[in-house]
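Student: Please take me slowly through one part of this structure and its surroundings, with the cut-offs behind each term as you go.

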Amino acid sequence: MHSIMASTKTEIIGPLNPEQRDTALHKGGIVAVVAGPGTGKTTAQVACAALKVLSGMEPQSIAMITFTNKAANEMQERLVKHIDEDAWRVFVGTFHQLAIKKILRPNIKADYLANKGYQPGFNIIDKSDSKTLIREAKQSLSESELNQLEFANVDEDFLQNVMTQQKAKGNDWKDVVSHISNINQVYEFISEHTPGNGLSDSTIKDAFAKNYQARLLLAVEWWSSYESLCIKNNAMDFDDLLVNASKLLSHHKEVAAKLGRMIQHLQVDEYQDTAPVQFDIVKTIIDNQNKKSATVVGDMRQAIYGFRGADSTSMKKFVDYFDAEIKSMNRNYRTAAASIDAINQFGETMAEQLTDGHLLPMSNDDEPAPQILHFKSDEEEAEHIVKEVSTLLKEGVEPNDIAIIYRAKAVNRPIKSLLENNRVQYDVVGDVDFYNTKEVKIGISVLRLFVNENDRFALHNIMSEMPIGITKATLAKKASQGQCSQMEALRSFAKSGGARSHKANALINELADISNFIPSLSEQELAFSKNLPINEYRHRLNYDPAFQDHIRKQNALFAKDTAPLFGERLKRFFTEHVLHSFNNDARKAAIKKHPEASEEEIENIVVEKLNERTERVVKLTEIFSKTIESGVDFKDAVDEIMLLADNTKNNKEGSIKLMTGHASKGLEFKHVFFAGAEQEMFFRDEPNDDTLAEEERNLYVITTRHKKRLTITHCDTRFVNGQFVHCQPLEMLLRFKGKVIENSLDKISPPNMSELDYDQTEALYENDSDIGHNAASLINKIKSKSRVNKKPQKAPQ
């Protein structure tokens with residue numbers, strides 16, 4: 001039954017425009033919706049799911065997949081407004097959440113996972129834990145193997161890139177080996193080019209530089225050691241979750257069939273950002289549905305995550321595989337009409353599109369066309385931008401409504417400096433965020449230990465900031481000698497009565513005290529409360545929707561009463577046992593930044609910084625409490641926190657935003673400054689069709705983030721990594737000509753590729769993961785092709 005608060009079908013459909021209504025009134029079958037920026041795709045998707053429920057479909061048979069927790073939460077909140085309590089029975093989450101909740105955890109005893117060596121209760125490890133295992137895996141290699149890695153230039157970055165790209169395809173290391181052609185010849189090459197075989201060092205390095213297959217095979221050997229350590233620690237990294245979910249479905253047809261029967265209607269948002277492994281999961285679900293019903297929504301013009309393994313042609317492949325019906329949503333409610341004209345002119349030249357993507361402006365804002373400004377230096381550019389930002393703030397524009405976006409991180413240096421000088425608070429999205437601060441990682445580690453006390457990564461995170469009388473290396477050695485877990489070894493050490501064992505004992509006792517306030521009932525406690533045998537309890541929980549709702553509400557009520565007490569205990573643990581370890585670092589940083597400050601001023605700064613750390617721990621407990629008060633059990637709530645830590649962006653209130661184009665995806669602001677619109681900031685090597693298309697999409701995303709005004713800036717010189725770099729205006733700006741306010745586009749001419757010094761641009765991309773291996777190249781011609789009609793089309797004049 002639906003509560004009286006639920007919307008009627010008429011109330012849901014009424015506000016929709018014709019295109020949104022067409023998407024929402026999905027009658028079955030496979031549909032791909034091409035939805036441009038600002039066209040209200042979330043509104044249409046939520047309406048579609050709500051109408052399914054109001055038409056009689058069971059809520060738990062609907063799955064809505066998106067790419068961030070923020071987007072998932074927004075969808076669920078909107079769904080609640082339409083169908084009230086039934087919204088919580090609809091699965092709304094990311095692909096990773098789907099993999100954990102619907103595939104891996106329920107089938108952990110399946111032969112595929114068991115044969116790999118995984119046990120129930122596997123850990124999810126974050127990026128820092130993954131790096132730890134990567135380094136441990138390297139240490140397990142022989143001296144000869146390590147020398148080969150060095151001469152072949154196979155380092156951590158290379159390995160991580162290989163794993164990211166291959167796992168995005170659904171491959172494990174064995175798959176990669178099987179796909180290497182002429183593998184025996186590759187092994188022979190590696191053997192012949194082993195240091196000490198008579199070849200000079202430079203000859204060996206040059207040979208490996210020209211043989212990617214050999215470098216790949218060496219990386220895979222390192223990868224195999226890494227995977228062995230993951231399994232030994234009963235751990236999966238974020239990419240493993242998707243690969244193992246996909247392979248489990250492939251190996252166990254009965255699990256795939258059950259999942260297809262369970263999900264009678266599937267919706268996937270931002271489909272253009274899917275990787276092949278995610279497509280495999282989508283295919284499996286739809287192929288196993290009794291009656292095909294799925295809607296994917298996306299925009300190929302905004303497919304910018306190739307560096308993460310996403311497939312920019314994923315929507316086309318979806319359409320081709322399922323012979324899906326194509327629909328469009330092109331009424332833009334975000335951006336002023338004058339800007340839409342410029343965006344459309346650029347969009348018409350873009351490659352590989354399913355539709356023409358022509359946006360219809362619906363905003364009533366009478367704002368001017370985008371402006372393109374030219375400056376002599378990056379300092380002049382920064383002065384102008386900061387002056388304009390300050391003016392907007394004085395006029396009453398909220399800081400969160402202003403963004404400065406750039407393609408390369410090198411652009412933000414002078415801008416940040418001037419913002420600081422003018423005391424304008426800013427937030428660099430993509431810097432060390434909330435979940436990666438030490439104090440929050442410690443808090444999460446405590447939560448992880450309560451799920452699995454054998455999670456050594458969690459224990460080590462705590463030990464890093466809380467001296468307990470024993471080093472991590474010594475504890476690992478004791479565990480190995482005693483053939484036990486490190487937590488068991490720690491308990492033995494705590495009871496030993498040694499000189500420093502009292503510190504370990506304090507940690508053990510403190511964790512035990514906190515555990516008494518865990519705001520969740522265990523499976524056994526819930527079964528006992530219902531007077532049910534555990535097997536019958538599990539069966540009803542899996543197959544009885546009313547029973548599921550009842551248990552969720554019971555958990556939610558219990559959590560509401562106990563979560564505050566749990567949060568207080570966690571805060572006390574941090575302030576009494578951990579906080580003091582940050583004191584020295586905070587003092588050193590304060591003295592370095594304020595060398596002329598008095599002792600009292602330094603002390604005030606230190607107190608303020610320590611209070612900020614405490615506040616972040618409190619915020620973590622509030623986030624966790626909110627999660628668990630929704631009715632999920634403790635283990636699932638910890639999974640949610642781990643996934644939040646993977647894909648949550650910074651969002652400090654009261655700050656203007658600085659970010660790369662990749663980080664801006666999915667966001668919108670009233671005023672956007674696009675800085676560093678230069679060839680050298682976007683492009684690197686000789687072009688090819690793929691890299692050119694990638695940078696077209698990056699530019700499209702950046703120029704569609706604003707509601708009111710867009711200001712594009714470029715300059716002649718930038719100071720980067722200690723040297724001045726001469727810059728040329730971004731040639732793609734020519735495609736906006738006639739639709740923007742400018743006085744510099746006539747100066748743009750195609751550069752002579754043979755005269756450009758690419759070495760000078762190399763520094764721009766160092767440590768810039770947003771650009772990585774998919775950085776595009778300098779454009780030698782402005783001729784573009786519209787792949788929609790497969791006909792050449794000249795750039796705008």
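Tutor: The account below starts from one helix, α13, and then turns to the core, two loops and some further helices. The model is predicted, so local features need pLDDT of at least 70 and side-chain atom pairs count only at pLDDT 80 or more, while totals for chains, interfaces and linings use all residues. Residues are numbered from 1 along each chain as its sequence is written, and side-chain values use heavy atoms, with hydrogens and water left out.

Helix α13 covers residues 212-232, where helices (H or I, at least four residues) and strands (E, at least two) are DSSP runs numbered from the N terminus. One of its partners is helix α7 (residues 127-139), whose axis comes within 8 Å of that of α13 and crosses it at roughly 120 degrees; axes are lines fitted to C-alpha atoms, for helices over the stretch in contact, and angles run from 0 to 180 degrees between N-to-C directions. The two helices are therefore oblique to each other, given that angles under 35 degrees count as roughly parallel, over 145 as roughly antiparallel, 65 to 115 as roughly perpendicular and the rest as oblique. α7 passes α13 in a right-handed crossing (the near helix is turned clockwise from the far one by less than a right angle, whereas anticlockwise would be left-handed). On the α7 side, S130, L133, I134, E136, A137 and K138 make the contact, and on the α13 side W222, S225, Y226, L229 and C230 do so, with contact meaning heavy atoms within 4.5 Å. By class, this contact of α7 with α13 divides into seven nonpolar, two polar and two charged residues; Ala, Val, Leu, Ile, Met, Phe, Trp, Tyr, Cys and Pro count as nonpolar, Asp, Glu, Lys and Arg as charged, and the others, Gly among them, as polar.

A second partner to consider is helix α9 (residues 156-168), which packs against α13 at an angle of about 85 degrees with the axes 10 Å apart, and that makes α9 roughly perpendicular to α13. Here E156, F158, L159, V162, M163, Q166 and K167 of α9 meet Y212, R215, L216, A219, W222, W223 and Y226 of α13, and the contact comprises ten nonpolar, one polar and three charged residues. W222 and Y226 of α13 thus take part in the contact with α9 and also in the contact with α7.

Helix α11 (residues 183-192) holds E188, and Y187 is found there too. Y187 touches L217 and E221, not counting residues up to four places away in sequence. Its relative accessible area of 39% makes Y187 partly exposed, and E188 is partly exposed at 48% (buried is under 20% relative accessible area, exposed over 50% and partly exposed in between, with a 1.4 Å probe and protein chains only). From E188 to S225, C-alpha to C-alpha, the distance in space is 22 Å, with their positions 37 residues apart in sequence.

Turning to the core, α13 gives the most to the largest nonpolar core, which has 137 residues and in which L266, F318 and L490 touch the most other members; the share of α13 is twelve residues. A nonpolar core is a set of buried Ala, Val, Leu, Ile, Met, Phe, Trp, Tyr and Cys residues joined through side-chain atoms within 4.5 Å. Leaving aside neighbours within four places in sequence, F318 is in contact with I30, V31, A32, Y271, F279, V282, I286, V296, D323 and A324. A second, separate core has 56 residues, among them Y426, V428, I656 and F682.

D323, one of the contacts of F318, lies in the loop between α17 (314-322) and β8 (325-329) and has a phi near 50 degrees, positive although the residue is not glycine. Most residues other than glycine have a negative phi. D84, in the loop between α4 (69-83) and β3 (91-94), also has a positive phi, near 55 degrees. D323 counts as exposed at 68% relative accessibility, whereas D84 counts as buried at 13%.

Helix α5 (residues 95-104) is largely enclosed by the rest of the structure, because eight of its ten residues are buried, namely F95, H96, Q97, L98, A99, I100, I103 and L104.
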